[in-house]
Amino acid sequence: GGRRAVAMNATVQLKLKRLQALRHDESGILQSLHDLPDAEHLALAPQEDRRALRQAIEARSLAVSDTFGATLRDLVDRARAAREDARAVEAGLSDTARRLEAVMSTSRLVVDQAGQAAEALEANAERARSIAAFLDRFELPEADKRLLQGAPAPGPGGAPSGSAGAADARSGDIDAV
C-alpha cells in the first residue's frame with residue numbers, strides 16, 4: 001500500500017510542477033490538468049487487477065486462437081473431402097468415357113454388320129429375281145422348275161421322287177430327245 005501512495009504522490013507532484021512551469025502557457029496547463037486524472041487512475045490500479053486483466057486478455061487470445069485453429073482444421077477437412085470428391089468424379093467420368101468408347105465401337109461394328117447383311121439380302125433378292133426371270137422365259141416342266149429351285153421333283157402320281165429309277169427315267173427322256 002505504501003509504494004502505491006508514493007507512486008501516486010510522485011505523479012501528482014510531477015504534474016503540479018508542470019503546471020507551475022507552464023503558468024504562462026494556458027494550453028499546456030489545460031493539457032496537464034486533463035492528463036492528471038489519467039495518471040491517478042493508472043497509479044491507483046492494484047497489481048491484482050493488472051494480473052486479472054492480463055489473464056483475461058490471454059484467455060481471450062487463447063479462445064480466439066482455438067476458434068481460429070478449429071475453423072482452419074474444419075476448412076482443411078472440407079478441402080480434403082472436396083478433393084476426394086473431385087477425384088471420385090474424375091474416376092467416374094473416365095470410366096464412363098471408356099464405356100462410351102466401347103459402346104461406340106460396338107455400335108460401329110453392329111452398323112457395319114447390318115450393312116453387310118443388307119447387302120447380302122439385296123444380292124440374294126437379286127439372284128432370286130434373276131432365277132425367277134430365267135424360269136419365266138424358258139418353258140420348263142413344273143418338275144424341272146422345282147428341281148432348279150431346290151425343291152424335290154414330284155415322282156409319278158405327283159409324289160416327290162426319291163428313287164434312282166425316277167432319275168434314270170428322266171435321264172432317258174433327255175437322251176431320247
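**Exercise 1.** Classify Glu122 as buried, partly exposed or exposed from its relative accessibility.

*Solution.* The relative accessibility of Glu122 is 47%. Buried means under 20% relative accessible area, exposed means over 50%, and partly exposed is in between (1.4 Å probe, protein chains only). Glu122 therefore counts as partly exposed. The model used here is predicted, so that local features need pLDDT of at least 70 and side-chain atom pairs count only at pLDDT 80 or more, while totals for chains, interfaces and linings use all residues. Residues are numbered from 1 along each chain as its sequence is written, and side-chain values use heavy atoms, with hydrogens and water left out.

**Exercise 2.** Which residue forms a salt bridge with Glu122, and which residue forms one with Arg129 in addition?

*Solution.* Begin with Glu122, whose salt bridge (a side-chain nitrogen of Lys or Arg within 4 Å of a carboxyl oxygen of Asp or Glu) is formed with Arg129, the closest N and O atoms being 3.2 Å apart. Then turn to Arg129, which also forms a salt bridge with Glu126, and here the closest N and O atoms are 2.8 Å apart. Arg129 and Glu126 both belong to helix H3 (a DSSP run of H or I, at least four residues, numbered from the N terminus), where they lie 3 residues apart, about one turn of the helix. Finally, consider accessibility: Arg129 is partly exposed because its relative accessible area is 44%, and Glu126 is partly exposed because its value is 41%.

**Exercise 3.** Where do Asp95 and Arg99 lie, and how many residues apart are they?

*Solution.* Salt bridges that share partners join Asp95, Arg98 and Arg99 into one network. Within this network, Asp95 forms a salt bridge with Arg99, with the closest N and O atoms 3.3 Å apart. The two residues both lie in helix H3, 4 residues apart, which corresponds to about one turn of the helix. As for accessibility, Asp95 counts as partly exposed because its relative accessibility is 27%, whereas Arg99, with a relative accessible area of 57%, is exposed. For the wider setting, a search of the whole structure finds 6 salt bridges.

**Exercise 4.** In which helix does Leu75 lie, and is Leu75 buried or exposed?

*Solution.* Take the location first: Leu75 lies in helix H3, which spans residues 47-137. Then take the accessibility: the relative accessible area of Leu75 is 55%, and therefore Leu75 is exposed.
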